[in-house]
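Please look through the structure shown below, first as a whole and then at particular places on its surface.

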Amino acid sequence: LEQTNDIVLQSVAEEKLTATTAIDNLTRVSQTSAVLQLVELQKRYQTMTEQLTKERDCTATVTEELHRSLAQLSKTQERTQSFKDELKSVKRQLRVKDELLSRDDERMVVIQQELMQSHR
């Protein structure tokens with residue numbers, strides 16, 4: 001009976017050792033898996049950070065180009081307004097000259113009529 005007890009105790013001890021070894025192996029596998037997941041997360045974080053940096057740079061470039069374009073547009077609008085004002089002025093001058101020419105034409109007609117009458 002004592003010998004059987006020793007065998008049983010030895011079997012229990014072996015099973016305990018096997019279970020402890022299995023738990024240790026699982027813990028190592030679990031830790032390795034966690035480390036691998038952490039490394040993968042760090043890679044993804046780095047990739048996302050790099051992509052975000054590129055997008056920020058691109059946004060800054062686009063913003064600068066937009067500001068330049070807006071400044072050019074503003075200058076173009078100022079020049080366009082200046083041309084419009086100048087065109088109005090030229091049109092006014094042409095109207096005045098046209099009126100003067102019309103008066104001159106009327107005077108010429110009157111002078112021609114007077115000349116024709118004086119020759120008769």
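How many positive and how many negative side chains does the chain have, and how far apart do the centres of the two sets lie? In this predicted model, the chain carries 18 positive and 20 negative side chains, and the centres of these two sets are 14 Å apart.

Turning to the overall form, the chain contains 1 helix and 0 strands. Its radius of gyration is 51 Å, well over the 14 Å that the globule rule gives for 120 residues, and the chain is therefore more spread out than a compact globule. The C-alpha trace, followed along its principal axes, spans about 170 × 20 × 10 Å. Of the 120 residues in the chain, buried ones make up 0%, while the accessible surface amounts to about 11,600 Å², with 58% of that surface belonging to carbon and sulfur atoms.

Two patches on this surface can be located next. Lys84, Lys88, Lys91, Arg92 and Arg95 together form a positive surface patch, and one of these residues, Lys91, has its place in helix α1, which covers residues 2-119. Because its relative accessibility is 47%, and partly exposed residues are those between the buried limit of under 20% and the exposed limit of over 50%, Lys91 counts as partly exposed.

The other patch is nonpolar and is formed on the surface by Leu66, Leu70 and Leu73, which together have about 280 Å² of accessible area. Among them, Leu66 is found in helix α1, the helix in which Lys91 also has its place.

Methods: Residues are numbered from 1 along each chain as its sequence is written. This is a predicted model: local features need pLDDT of at least 70, side-chain atom pairs count only at pLDDT 80 or more; totals for chains, interfaces and linings use all residues. Side-chain values use heavy atoms; hydrogens and water are left out. Helices (H or I, at least four residues) and strands (E, at least two) are DSSP runs, numbered from the N terminus. The radius of gyration is taken over C-alpha atoms; the globule rule is 2.2 Å times the number of residues to the power 0.38. Buried means under 20% relative accessible area, exposed over 50%, partly exposed in between (1.4 Å probe, protein chains only). Accessible areas come from the Shrake-Rupley method with a 1.4 Å probe; for residues, only the protein chains shown count as cover. Lys and Arg count as positive and Asp and Glu as negative; His and the chain ends are not counted. The place of a charge is taken as NZ of Lys, CZ of Arg, CG of Asp or CD of Glu. Patches are made of residues with over 30% relative accessible area and no salt bridge: like charges are joined within 9 Å, nonpolar side chains (Val, Leu, Ile, Met, Phe, Trp, Tyr) within 5 Å. A salt bridge is a side-chain nitrogen of Lys or Arg within 4 Å of a carboxyl oxygen of Asp or Glu.
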